Every structure is written in structure tokens, then in C-alpha cells.
Amino acid sequence: MPEQPGTDHLVQLLRTTLGDTLLGIYLHGSATLGGLRPHSDIDVLAVVRESTTHAQRRVLVEELLKVSGVAGRRHVELIAVVQDDVRPWRYPPTCDFLYGDWLREDYERGVTPAPEPSPDLAPLLTMVLRADAPLHGPPPAELLDPVPHHDLRRAIVVGVPELTDELDTDTRNVLLTLARIWTTLTTGTIRSKDAAAEWALDRLPAEHRPVLARARAVYLGEEAERWDDLAPRPCAEFLTRVITESYCS
């Protein structure tokens with residue numbers, strides 16, 4: 001049976017911090033796309049009636065720093081959107097608040113995230129609606145509009161250059177995300193990272209398969225993460241090319 005993420009503390013934190021402006025809290029990501037893997041975050045979206053204040057965002061950051069990825073707990077990715085910013089839908093959508101541990105050093109220096117445009121919300125909201133996994137509030141379809149397919153496609157492609165810049169420091173995640181983008185462009189569905197990699201492996205040239213297979217195995221906890229015996233960049237470059245071709249076709 002898939003591991004169930006512990007989310008009670010997140011729900012309580014959001015309800016306490018945001019009060020009546022909180023409309024709904026929704027689980028998405030790996031937990032709803034086949035189950036949590038050894039390296040999976042707990043992905044949560046909060047929908048709010050009005051923009052969070054600086055003080056509220058700071059409280060959320062400080063409390064999440066205490067629990068996200070600490071003492072054996074899973075890392076948390078928490079995003080908040082204002083309902084009126086995404087319904088009716090328009091592109092690019094605005095992210096009202098973001099917490100992710102890749103930004104931990106900034107948060108610890110006192111940086112507080114502020115609202116900003118975020119194309120990444122297009123696939124995220126698509127996953128939230130598909131998962132239909134409320135932790136608080138009504139079903140997500142009562143608060144969110146579906147993302148048009150053409151906006152989903154352009155949103156997942158626009159971040160590819162920035163993503164590939166992180167290949168040397170986040171090799172596994174970059175490769176799996178590229179495979180997922182290719183899969184979504186080709187099939188129209190968003191799959192878990194391991195399922196997307198499995199789909200891509202059947203279509204990769206033989207010389208690139210060992211790299212993506214390693215990334216998938218590490219993600220599943222079947223192998224230790226090491227890249228000194230493989231060359232990930234040619235595989236990433238191939239995936240980037242087929243993404244461009246798929247998007248333009």
C-alpha cells in the first residue's frame with residue numbers, strides 16, 4: 001500500500017496562519033501520481049480568497065523551516081494561489097506564496113517570498129484538479145478552472161533552459177523532469193516521474209538509456225545516486241531536442 005503523507009501539521013499551520021481567507025488545501029504530486037517515492041516531497045496547494053500578507057508569509061516560512069526535511073521528515077513544497085488570480089484562468093498565472101527547500105538558504109537569510117508570475121502553476125493546477133485530493137475545503141474543481149491544453153504545453157516548455165542549467169547540481173531531477181515534459185507533450189497526460197521515465201526509455205536511442213534508467217532507479221530507491229561512471233549531458237541534450245520538436249510539431 002502506498003505511503004500516506006503526513007499532512008495534518010500543514011493543514012493546521014495553514015488554517016491557523018491564514019484564517020478565513022483560506023478556501024481549500026489540496027494534495028498533488030507524487031502522493032497522488034502512484035505514491036510517494038524515497039526522494040518525493042509532500043506537495044500541497046492552498047487556495048486563498050485574498051493575497052497573503054508579508055507577516056503571514058513570514059510565519060509560514062519560519063514554521064516550515066522547522067519541519068520540512070528535518071528529523072527524518074519529508075521535504076514540503078507549499079504553494080498558495082489567490083482564487084481570483086487563477087479563476088477565470090489567464091496566462092501566466094500568479095503564485096502568491098512558494099515554499100521549497102531548494103530556497104532554504106534564502107529563507108534562513110530572511111528572504112520572504114512575494115507574489116510573482118509562475119508558468120509552473122499550469123501543470124501544478126492540472127495535477128491538483130486531476131488528483132481531486134482535498135485536505136481541507138471543497139473539491140478543487142469548485143475553486144479552480146481547468147488549464148487550457150495549449151497553456152499547459154507552453155508552460156512546461158518555457159522553463160526548460162533554466163532547468164537544464166541545473167543538470168550538474170540536480171542531475172536526477174533534471175533528467176526525470178525532462179522525460180516528464182516529453183511525455184506530457186506527446187501523450188497529453190502528466191505522469192509520475194518514474195512512469196514518465198519508463199515511457200521515455202522505450203523511445204530513447206540505446207546510448208542514452210543507461211542515464212535515464214539510472215535516474216529512475218535512484219528515484220525509486222533501487223540504486224545509489226552517482227554519475228561519475230555515466231555522462232548525463234548528452235542524454236539531457238537529446239531530451240531537450242525532442243521536447244522542442246514535440247512542442248513545435
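The axes of helix 9 (residues 193-201) and helix 10 (209-219) come within 10 Å and cross at roughly 160 degrees; axes are lines fitted to C-alpha atoms, for helices over the stretch in contact, and angles run from 0 to 180 degrees between N-to-C directions. The two helices, 9 and 10, are therefore roughly antiparallel to each other, a label given to angles over 145 degrees. Helix 9 passes helix 10 in a left-handed crossing, that is, with the near helix turned anticlockwise from the far one by less than a right angle. Lys193, Asp194, Ala197, Glu198, Ala200 and Leu201 of helix 9 make the contact with Arg209, Leu212, Ala213, Arg216 and Tyr219 of helix 10, where contact means heavy atoms within 4.5 Å. By class, this contact has 6 nonpolar, no polar and 5 charged residues; Ala, Val, Leu, Ile, Met, Phe, Trp, Tyr, Cys and Pro count as nonpolar, Asp, Glu, Lys and Arg as charged, and the others, Gly among them, as polar.

The model is predicted: local features need pLDDT of at least 70 and side-chain atom pairs count only at pLDDT 80 or more, while totals for chains, interfaces and linings use all residues. Residues are numbered from 1 along each chain as its sequence is written, and side-chain values use heavy atoms, with hydrogens and water left out. Helices (H or I, at least four residues) and strands (E, at least two) are DSSP runs, numbered from the N terminus.

Helix 9 is mostly covered, with 7 of its 9 residues buried; buried means under 20% relative accessible area, exposed over 50%, and partly exposed in between (1.4 Å probe, protein chains only). The buried residues are Lys193, Asp194, Ala196, Ala197, Trp199, Ala200 and Leu201, and they pack against helix 8 and helix 10.

A second helix pair is formed by helix 6 (residues 149-158) and helix 11 (residues 232-248), which pack at an angle of about 155 degrees with their axes 11 Å apart. Helix 6 and helix 11 are therefore roughly antiparallel to each other, and their crossing is left-handed. Arg153, Arg154 and Val157 of helix 6 meet Ile243, Ser246 and Tyr247 of helix 11 in the contact. These residues divide into 3 nonpolar, 1 polar and 2 charged.

The largest nonpolar core (buried Ala, Val, Leu, Ile, Met, Phe, Trp, Tyr and Cys residues joined through side-chain atoms within 4.5 Å) has 52 residues, and those with the most contacts inside it are Leu45, Leu175, Trp182 and Leu212. Helix 8 (residues 171-187) supplies the largest share of this core, 8 residues. Apart from this core lies another, of 25 residues, among them Val44, Val48, Leu78 and Ala80. Residues up to four places away in sequence not counted, Leu45 touches ten listed partners including Ile25, Tyr26, Ile79, Val81 and Leu144.Thr7, in the segment before helix 1 (8-18), is buried, with a relative accessible area of 8%.

Backbone exceptions occur in several loops. Most residues other than glycine have a negative phi, and most peptide bonds are trans. A cis peptide bond joins Arg87 and Pro88, with omega about 0 degrees, and the bond from Tyr91 to Pro92 is cis, with omega near -5 degrees. Pro88 lies in the loop between helix 3 (83-86) and strand 4 (94-95). Ala71 has a positive phi of about 55 degrees and, at 73% relative accessibility, counts as exposed. Asp132 has a phi near 50 degrees and is partly exposed, with a relative accessible area of 45%.

Definitions and conventions: Angles under 35 degrees count as roughly parallel, over 145 as roughly antiparallel, 65 to 115 as roughly perpendicular and the rest as oblique.
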